[in-house]
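Subject: Structure handover

Hi,

Here is the structure I said I would pass on. Have a look at it first, then read on for what I found.

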Amino acid sequence: MQFDSTNHPHRRVNPLTGEHILVSPHRAKRPWLGQVEQDEPSKLPEYDPECYLCPGNTRAGGDKNPSYQDTFVFSNDFAAVLPSPAPLAPSPPHPLLTSEPVHGGCDVLIFHPRHDLTLARLGIPEIEKIIEEWQAIYLKRGRQEGIEYVQIFENKGSMMGCSNPHPHGQVWSMSAVPTIPATELRNLKEYSLSDAPDVQTSRGPKGRPCLLCDYAAAEVRLEERIVIKNMNWIALVPWWAVWPFEVLVLPYRRHIPSLATLTAEEKTDFADIVSRLTKRYDNLFETSFAYSMGVHQRPLLRNASVRKFLVGFELMAEAQRDLTSEQAAQRLRDLSEVHYKDSNKLLCRASPSDGVKKKN
């Protein structure tokens with residue numbers, strides 16, 4: 001029997017984490033009688049007087065937002081980590097029961113004053129402004145005493161834990177490198193010190209091989225998992241994807257260690273790829289697509305109403321998925337980059353007789 005990755009179960013390894021995922025493409029055909037998520041309300045007001053993120057409104061902590069016109073940044077009123085100095089941890093009652101003090105800061109970045117918009121509905125210049133704020137926070141927090149890592153992320157949709165639909169993201173800065181990026185950094189360093197073959201791609205510091213640069217070059221050559229490509233970036237469903245429509249955005253023309261090193265052209269192209277990708281996500285099921293997106297950089301992204309559950313085997317053994325990375329990439333590639341709401345407007349404007357010659 002000849003192996004067929006679209007039908008036969010197999011394992012794939014994530015070189016960034018060293019973890020495996022079980023891929024079971026034949027299970028995508030099974031019926032689903034479990035939990036089905038309800039679509040979130042699509043009609044939101046441009047301004048909500050009860051929203052603590054809208055311009056001019058009072059936040060839960062008592063501070064009043066200014067009448068901002070584009071982006072707005074403030075320290076989270078209910079931060080997960082607090083500024084230094086952190087108190088000393090007590091002696092552990094047992095070597096297996098240790099704790100480590102952590103300090104830092106949590107910033108909230110509001111993307112736009114309108115309550116009813118998302119990244120998919122913003123223009124490229126507006127997304128560029130968000131990227132500029134990410135850069136500014138990264139540099140500002142990175143200069144603070146004891147800060148080791150700055151994590152940029154956005155949770156979109158209530159099913160992803162987002163407490164407010166107003167377009168916003170967060171930036172958490174910590175005195176320790178979190179577990180997932182620490183693992184990735186360790187494997188990136190190990191790869192850079194290895195005798196990886198020279199595949200004529202971008203190189204990392206001191207001319208050493210870069211795992212992500214080599215991976216991006218391989219995906220550009222193979223093309224089957226690439227969803228979007230512009231002059232500087234690719235958006236692809238990674239070989240090791242866990243979530244059905246997980247996408248990784250990578251530079252492929254040069255080694256970029258952080259957002260702070262972007263050129264003006266790279267920043268614009270990054271905004272372009274974010275815009276096009278989020279439109280495709282919304283178009284996938286013609287709903288405001290829920291996701292969690294994050295940026296990993298040098299220390300100082302089944303269907304619309306069915307969740308992917310990490311339980312049972314996945315919780316106790318290793319991650320598992322039914323849809324292959326290649327199948328997910330193809331579905332995303334096939335989608336329009338015109339947002340479905342704009343497409344529907346165009347259809348509504350067309351009269352029944354458009355394109356049909358009337359008979360006299």
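H4 has 22 residues, and its first and last C-alpha atoms are 33 Å apart, close to the 32 Å expected at 1.5 Å a residue. This is a predicted model, by the way, so please read everything below in that light. H4 is mostly covered, with 17 of its 22 residues buried. Right after H4 comes Glu-286, which sits in the loop between H4 and E10. Its phi is near 50°, a positive value in a residue other than glycine. For context, most residues other than glycine have a negative phi. Glu-286 is partly exposed, at a relative accessible area of 49%.

Now the sheet next to H4. It is an open sheet of 3 strands in the order E7-E8-E9, with antiparallel pairing. Strand E7 (226-229) and strand E9 (248-251) are the edge strands, each pairing on one side only. From one strand to the next, the twist averages 25°. Helix H4 (residues 264-285) packs on this sheet and touches E7, E8 and E9, with its direction at about 135° to that of E7. Strand E8 (residues 233-236) pairs with E9 over 4 bridges, in the antiparallel sense. Ala-235, for instance, has Val-249 in E9 as its bridge partner.

The other sheet is an open one of 5 strands, ordered E3-E4-E6-E5-E10, again with antiparallel pairing. E3 and E10 are at its edges with a single partner strand each, so one side of each has no neighbour in the sheet. Ignoring direction, neighbouring strands here are turned by 20° against each other on average. Two of the pairings are worth opening up:

- E5 and E6 run antiparallel and are joined by 5 bridges; Gln-151 stands opposite Trp-172 in E6.
- E5 and E10 also pair in the antiparallel sense, over 5 bridges; here Ile-152 stands opposite Val-295 in E10.

E10 shows a clean pattern along its length. In a regular strand the side chains alternate between the two faces of the sheet. Along E10, Tyr-291, Met-293 and Val-295 point to one face and are buried, whereas Ser-292 and Gly-294 point to the other and are not.

What does H1 pack against? The buried residues of H1 pack against strand E3 (72-75), strand E4 (104-110), strand E5 (149-156), strand E6 (168-174), H4 and strand E10 (291-295). Those buried residues include Ile-127, Ile-130, Ile-131, Trp-134, Ile-137 and Tyr-138, but also Glu-128, Glu-133, Gln-135 and Arg-141. On length, helix H1 (residues 124-142) has 19 residues, which at 1.5 Å a residue should span 27 Å; its end C-alpha atoms are 27 Å apart, so the two agree.

Another acidic residue to look at is Glu-219, in helix H3 (residues 211-222). Is Glu-219 buried or exposed? Its relative accessible area is 1%, which is under the 20% cut-off, so Glu-219 counts as buried. Its side chain makes a polar contact with the side chain of Arg-225, at 2.9 Å. Leaving aside neighbours within four places in sequence, Glu-219 is in contact with Arg-225, Ile-226, Leu-236 and Trp-239.

A little further along is Glu-223, in the loop between H3 and E7. Glu-223 has a phi near 70°, a positive value in a residue other than glycine. With a relative accessible area of 52%, Glu-223 is exposed.

Two more loop details. Ser-84 and Pro-85 are joined by a cis peptide bond, with omega about 5°, and Pro-85 lies in the loop between E3 and E4. Gly-56 is in the loop between strand E2 (20-23) and E3. The C-alpha atoms of Gly-56 and Ser-67 are separated by 5.1 Å, though the two residues are 11 apart along the chain. Not counting residues up to four places away in sequence, Gly-56 touches Lys-64, Asn-65, Pro-66 and Ser-67. Gly-56 is partly exposed, with a relative accessible area of 25%.

Finally, confidence. The protein chain averages a pLDDT of 85, and 84% of the residues score at least 70. The pLDDT is below 50 over residues 301-311, a stretch with 40 contacts in the model beyond near neighbours in sequence. It is also below 50 over residues 313-318, where the model has 12 such contacts.

Cheers

Technical notes
Residues are numbered from 1 along each chain as its sequence is written. This is a predicted model: local features need pLDDT of at least 70, side-chain atom pairs count only at pLDDT 80 or more; totals for chains, interfaces and linings use all residues. Side-chain values use heavy atoms; hydrogens and water are left out. Helices (H or I, at least four residues) and strands (E, at least two) are DSSP runs, numbered from the N terminus. Buried means under 20% relative accessible area, exposed over 50%, partly exposed in between (1.4 Å probe, protein chains only). A polar contact is a pair of N or O atoms within 3.5 Å; within protein, one must be able to donate a hydrogen and the other to accept it, and residues adjacent in sequence count only if both atoms are side-chain atoms. Contact means heavy atoms within 4.5 Å. pLDDT is the predictor's confidence in each residue, from 0 to 100. Two strands pair if DSSP finds at least two bridges between them. Axes are lines fitted to C-alpha atoms, for helices over the stretch in contact, and angles run from 0 to 180 degrees between N-to-C directions. The expected span of a helix is 1.5 Å times one less than its number of residues.
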